[in-house]
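Student: Could we go through this model together, one question at a time, with the reasoning spelled out before each result?

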Amino acid sequence: MTSGTKTNTVTLRYFAWVREKIGFAEEEIFLPAEVATVAELIVWLKTRGETYQAAFDKPEVVRTALDQTHARADTPIANAREIAFFPPVTGG
Amino acid sequence: MSIRVQTEDFNIGTEIAGLTGGRTDIGAVVTFTGTVRGAAGESPITSMTLEHYPGMTEAELARVEAEANDRWPLSASLIVHRIGELHPGNNIVLVVTASAHRHAAFEAAEFLMDYLKSRAPFWKKEARPDGTSEWVDARETDTAALQRWQKSPSKAAE
């Protein structure tokens with residue numbers, strides 16, 4: 001991957017009730033250096049305000065995808081460009 | 001192998017014809033159709049809205065379909081999933097599997113539905129007659145259904 005100032009910018013996407021609680025579907029953030037895993041990103045997001053606290057009130061319920069692939073709480077974010085948070089899926 | 005995510009309805013006969021037309025190697029076609037129930041438990045619903053994650057949905061359905069094709073000797077397969085606002089009685093999802101013999105087609109269709117339900121990023125929101133609406137919770141039974149395939153991957157079916 002390339003290095004430089006832009007590599008820490010990631011797109012966050014929210015779906016279903018996670019989106020409703022946060023209030024919008026998508027945002028770009030500058031990923032802090034200390035955030036290495038999905039779980040650490042959730043902890044950091046919860047410091048950003050009440051809407052994030054509400055969305056991640058029970059972080060174990062929220063599912064994550066890194067670059068459109070299912071991930072777990074301990075998955076390293078590494079060079080992911082798009083990180084999505086959503087409830088357990090209910091299709092079919 | 002084919003997947004589609006669409007707002008429009010689908011016609012099962014047309015889809016089967018599309019998969020099997022002109023082919024003589026297929027001996028079995030299995031279809032599963034999921035439809036909207038008019039009630040969630042005791043509570044009637046007036047409509048159901050399906051949200052999804054464009055891009056990941058297609059990628060995940062393709063992964064699930066590829067896995068089924070690895071496990072069973074399928075001649076053809078198709079997944080169609082609808083999105084947007086649907087009403088009781090409407091079609092939601094169609095899975096079609098075709099194989100030379102029935103067991104592979106039956107098992108692969110069930111596998112596709114079990115995996116789709118647990119992995120494909122769709123979310124249902126149900127609207128009630130009083131104007132309120134609620135996101136549907138994931139079912140424990142869907143997770144349990146998945147474990148069956150992890151314990152005993154069937155390679156024997158032909």
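Student: Which residues of helix α2 of chain A are buried?

Tutor: This is a predicted model, and every statement here is computed from it. Helix α2 of chain A covers residues 38-45, and a residue counts as buried when 20 or more other C-beta atoms lie within 10 Å of its own. By that criterion the buried residues of the helix are Val38(A), Leu41(A) and Leu45(A).

Student: Why do these residues lie on the same side of α2(A), and how many degrees does their arc cover?

Tutor: The positions of Val38(A), Leu41(A) and Leu45(A) can be compared by their directions from the helix axis. They are on the same side of α2(A) because the arc they cover around the axis is only 60 degrees.

Student: Which elements of chain A do the buried residues of α2(A) pack against?

Tutor: To place these contacts, it helps to have the order of elements in chain A, which reads β-α-β-α-α-β-β-β along the sequence and comes to three helices and five strands. The partners of the buried residues of α2(A) are one helix and several strands of chain A, namely α3 (50-55), β3 (63-66), β4 (69-71) and β5 (82-86).

Student: What radius of gyration does chain A have, and why does it agree with a compact globule?

Tutor: The C-alpha atoms of chain A fill a box of roughly 40 × 30 × 20 Å along the principal axes, and buried residues make up 32% of its 92 residues. For 92 residues a compact globule would have a radius of gyration near 12 Å, so there is agreement with the value for chain A, which is 13 Å.

Student: Where in chain A does pLDDT stay under 50?

Tutor: Chain A averages a pLDDT of 93, with 92% of the residues scoring at least 70. There is nevertheless a stretch for which the model has three contacts beyond four places in sequence, and where pLDDT stays under 50, which is residues 1-6 of chain A.

Student: Is Glu26(A) buried or exposed?

Tutor: Glu26(A) is found in strand β2 of chain A, residues 26-30, and, not counting residues up to four places away in sequence, Glu26(A) touches Thr11(A), Leu12(A) and Arg13(A). Because Glu26(A) has 12 C-beta neighbours inside 10 Å, this residue counts as exposed.

Student: What radius of gyration does chain B have?

Tutor: Chain B comes to four helices and 10 strands, and its C-alpha atoms fill a box of roughly 50 × 35 × 30 Å along the principal axes. Since a compact globule of 158 residues would have a radius of gyration near 15 Å, there is agreement with the value for chain B, which is 16 Å.

Student: Among contacts in chain B between residues at least 6 apart in sequence, what percentage join residues at least 24 apart?

Tutor: Chain B averages a pLDDT of 93, and 95% of the residues score at least 70. Taking contacts in chain B between residues at least 6 apart in sequence, the share that joins residues at least 24 apart is 77%.

Student: Is Asp9(B) buried or exposed?

Tutor: Asp9(B) has its place in the loop between β1 (2-6) and α1 (12-20) of chain B. Since there are 11 other C-beta atoms within 10 Å of Asp9(B), this residue is exposed.

Student: Which element gives the most to the side of chain B that touches chain A?

Tutor: The contact takes 21 residues from chain B and 14 residues from chain A. On the side of chain B that touches chain A, α2 (56-71), α3 (102-119) and β9 (122-127) of chain B each supply at least two residues. With five residues, the element that gives the most to this side is α3(B).

Student: How many residues of the side of chain B that touches chain A are nonpolar?

Tutor: The predictor gives the complex an ipTM of 0.91 and a pTM of 0.91. Within the side of chain B that touches chain A, four residues are polar and four are charged, while the number of nonpolar residues is 13.

Student: Which element provides the largest share of the largest nonpolar core?

Tutor: The largest nonpolar core has 53 residues, and those with the most contacts inside it include Phe15(A), Phe86(A), Val95(B) and Ala108(B). The largest share of this core, nine residues, comes from α3(B).

Definitions and conventions
Residues numbered from 1 in each chain as written. Chains lettered and ligands numbered in written order. Predicted model: local features only at pLDDT ≥ 70, side-chain atom pairs only at ≥ 80, totals over all residues. Contact = placed C-beta atoms within 7 Å. Nonpolar A, V, L, I, M, F, W, Y, C, P; charged D, E, K, R; others polar. pLDDT = per-residue confidence, 0-100. Rg over C-alpha atoms; globule rule 2.2 N^0.38 Å. Core = buried A, V, L, I, M, F, W, Y, C linked by C-beta atoms within 7 Å.
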